[in-house]
Amino acid sequence: MIKKDKKVTILGIETSCDETAAAIVCYDPKTQKFNIKSHALYSQISLHRQYGGVYPELASRDHVEKILPIINESLTQAKITNDEIDAIAVTAGPGLIGSLLIGTTVARTLAYLWQKPLISINHLEGHIYSNLVQNPPLQFPMLGLIISGGHTLLIAIDKLGSYKTLGQTLDDAVGEAFDKVAKLLGLDYPGGPALSKLADNGDKNAFKFPLPLRRKDSLDFSFSGLKTSVLYLVRKLESEKKLNDQTKADICASFQATAVKSLITKTLSAVEKIGAKTVIIGGGVSANKQLRQDLEAELKKHNITLIKPVIELCTDNAVGIGAAGAIKFLNNDFTSWKEMTVNPNAKLN
Ligand code: KG4
Ligand code: ZN
């Protein structure tokens with residue numbers, strides 16, 4: 001049994017997609033504060049750029065090469081040795097099966113060799129905890145909006161560790177829609193940041209796209225229709241020889257405004273439904289400037305606090321995994337190295 005007032009030091013490991021990451025995170029149950037000791041990360045973006053998306057086989061192979069040096073770097077940055085770690089926390093799903101297997105196999109091996117407890121973490125919970133490491137005041141019920149290349153989810157959070165999915169995408173994830181529209185326009189990979197940058201030069205009222213799933217009673221999302229509308233517009237402008245730098249920027253601004261509006265509308269409906277006091281966001285798309293500004297302004301009108309991760313912790317990282325691990329450690333929620341399994345389709349509840 002773990003003493004509940006013990007300060008804990010966790011090694012977090014994340015390899016669920018195309019980021020190889022390790023971090024050392026401390027948590028003091030007396031002050032209820034997290035302390036990030038290190039944040040080591042290698043992104044495979046340049047490897048996947050030529051394919052315009054993540055190539056799973058190459059992702060796994062690259063994780064194999066990078067994971068041990070990255071874990072070493074996390075220890076060196078934190079100026080500690082493995083003796084000072086209380087446990088190892090690792091992402092066991094959702095994600096790419098090959099990628100998940102690399103992280104969990106390394107974590108299981110180290111847990112066995114170093115005689116450390118092992119903790120299995122849901123990747124989505126890592127995105128939630130990427131906010132909590134800033135030690136914001138926590139007010140429940142909380143609403144989580146997880147928006148990335150693989151997920152678009154609204155989650156009710158009654159207390160830490162208690163989650164209920166309220167709505168999700170019925171087709172493409174919002175980040176996937178950003179990436180696909182960016183590709184259509186010939187922008188750099190990954191598309192989200194490039195599209196958002198170009199949108200700064202465009203007019204968001206230049207083109208009108210349909211707002212997906214407008215019905216107020218549904219908390220689900222849909223982005224494939226929006227993406228198809230952009231495709232038809234691009235084809236039309238191309239045939240009329242009107243696709244140029246300015247119309248591209250206008251498309252980016254108009255698409256972004258519609259996608260952000262859809263996210264905000266559904267978030268506000270969900271806030272109302274559960275009486276949320278706080279909204280917490282995470283995943284790559286939570287780095288989007290327009291979304292951060294507009295959502296904060298809307299929530300302020302209703303006296304609701306928005307907690308957002310620092311930009312570098314919006315995308316996949318091991319800091320959130322280590323932080324989630326610290327709380328599970330204090331709740332004695334362990335998995336043995338023999339029994340740990342991965343689940344590419346793991347749900348939060
Ligand atoms: O969380 P993440 O690193 O990986 C997944 O779990 O998918 O998110 C990556 C996604 C990509 O689709 C990327 O284009 C998108 O997040 N993204 C953005 C921005 N930065 C990253 N989308 C819109 N605006 C951004 N600033
Ligand atoms: Zn993610």
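In this predicted model, the sulfur of Cys-314 is 16 Å from the closest cysteine sulfur, in Cys-17, which is too far for a bond. A search of the whole structure finds 0 disulfides. Cys-314 has a relative accessible area of 0% and therefore counts as buried. Cys-26 is buried as well, because its relative accessible area is 8%.

**Nonpolar cores**

The largest nonpolar core has 42 residues. Leu-143, Leu-154, Val-174, Phe-223, Phe-255 and Val-279 are the residues with the most contacts inside this core. At least two core residues come from each of the strands β6 (142–147), β7 (152–159) and β9 (278–282), and likewise from each of the helices α5 (174–184), α6 (191–199), α7 (224–239), α8 and α9 (289–301). Helix α8 supplies the largest share of this core, with 10 residues. There is also a second, separate core of 35 residues, and among its members are Ala-21, Ile-146, Ile-155 and Val-319.

Leu-154, one of the residues with the most contacts inside the largest core, can be followed in more detail. Apart from its neighbours within four places in sequence, Leu-154 is in contact with residues including Leu-143, Gly-144, Leu-145, Leu-166, Leu-219 and Phe-221. Lys-266, Thr-267 and Ala-270 are also among the contacts of Leu-154.

**A buried lysine**

Lys-266 lies in helix α8, which spans residues 245–274. Is Lys-266 buried or exposed? Lys-266 counts as buried, because its relative accessibility is 3% and the cut-off for buried is under 20%. Not counting residues up to four places away in sequence, Lys-266 touches Leu-154, Leu-213, Arg-214, Arg-215, Ser-218, Leu-219, Asp-220 and Phe-221.

**Pockets and the cavity**

The table sets out the lining of three spaces by residue class.

| Space | Nonpolar | Polar | Charged |
|---|---|---|---|
| Largest pocket | 16 residues | 18 residues | 11 residues |
| Second largest pocket | 9 residues | 5 residues | 6 residues |
| Largest cavity | 1 residue | 6 residues | 2 residues |

The largest pocket holds about 1,300 Å³ of space. Its lining consists of 45 residues, and those nearest the centre of the pocket are Asp-18, Ser-148, Gly-149, Asp-179 and Pro-190. Helices α4, α5 and α6 each supply at least two residues of this lining. Which element gives the largest share of the lining of the largest pocket? That element is α5, with 7 residues.

The second largest pocket has a volume of about 460 Å³. Of the 20 residues that line this pocket, Lys-208, Leu-211, Ala-257, Thr-258 and Lys-261 lie nearest its centre. The elements giving two or more residues to this lining are α8 and α9. Helix α8 provides the largest share, 8 residues. Helix α8 is also the element that supplies the largest share of the largest nonpolar core, and Lys-266 lies in this helix.

The model has 1 cavity of 30 Å³ or more. About 40 Å³ of space lies in the largest cavity. The cavity lining is made up of Glu-14, His-123, Gly-126, His-127, Ser-130, Asp-316, Asn-317, Gly-320 and Ile-321. Two or more of these residues come from each of α4 (123–132) and α10 (319–330). Helix α4 gives the most to the lining, with 4 residues. Helix α4 also supplies at least two residues to the lining of the largest pocket.

Terms used:
Residues numbered from 1 in each chain as written. Chains lettered and ligands numbered in written order. Predicted model: local features only at pLDDT ≥ 70, side-chain atom pairs only at ≥ 80, totals over all residues. Heavy atoms only, no water. 1 Å grid on protein atoms, 1.4 Å probe; cavity = no way out; pocket = protein on both sides within 12 Å on 5 of 7 lines; lining within 4 Å. Points joined across faces, edges and corners; volume = space filled by probe spheres on them. Nonpolar A, V, L, I, M, F, W, Y, C, P; charged D, E, K, R; others polar. Buried < 20%, exposed > 50% of the residue type's maximum accessible area, 1.4 Å probe, protein only. Contact = heavy atoms within 4.5 Å. Core = buried A, V, L, I, M, F, W, Y, C linked by side-chain atoms within 4.5 Å. Disulfide = S-S within 2.5 Å.
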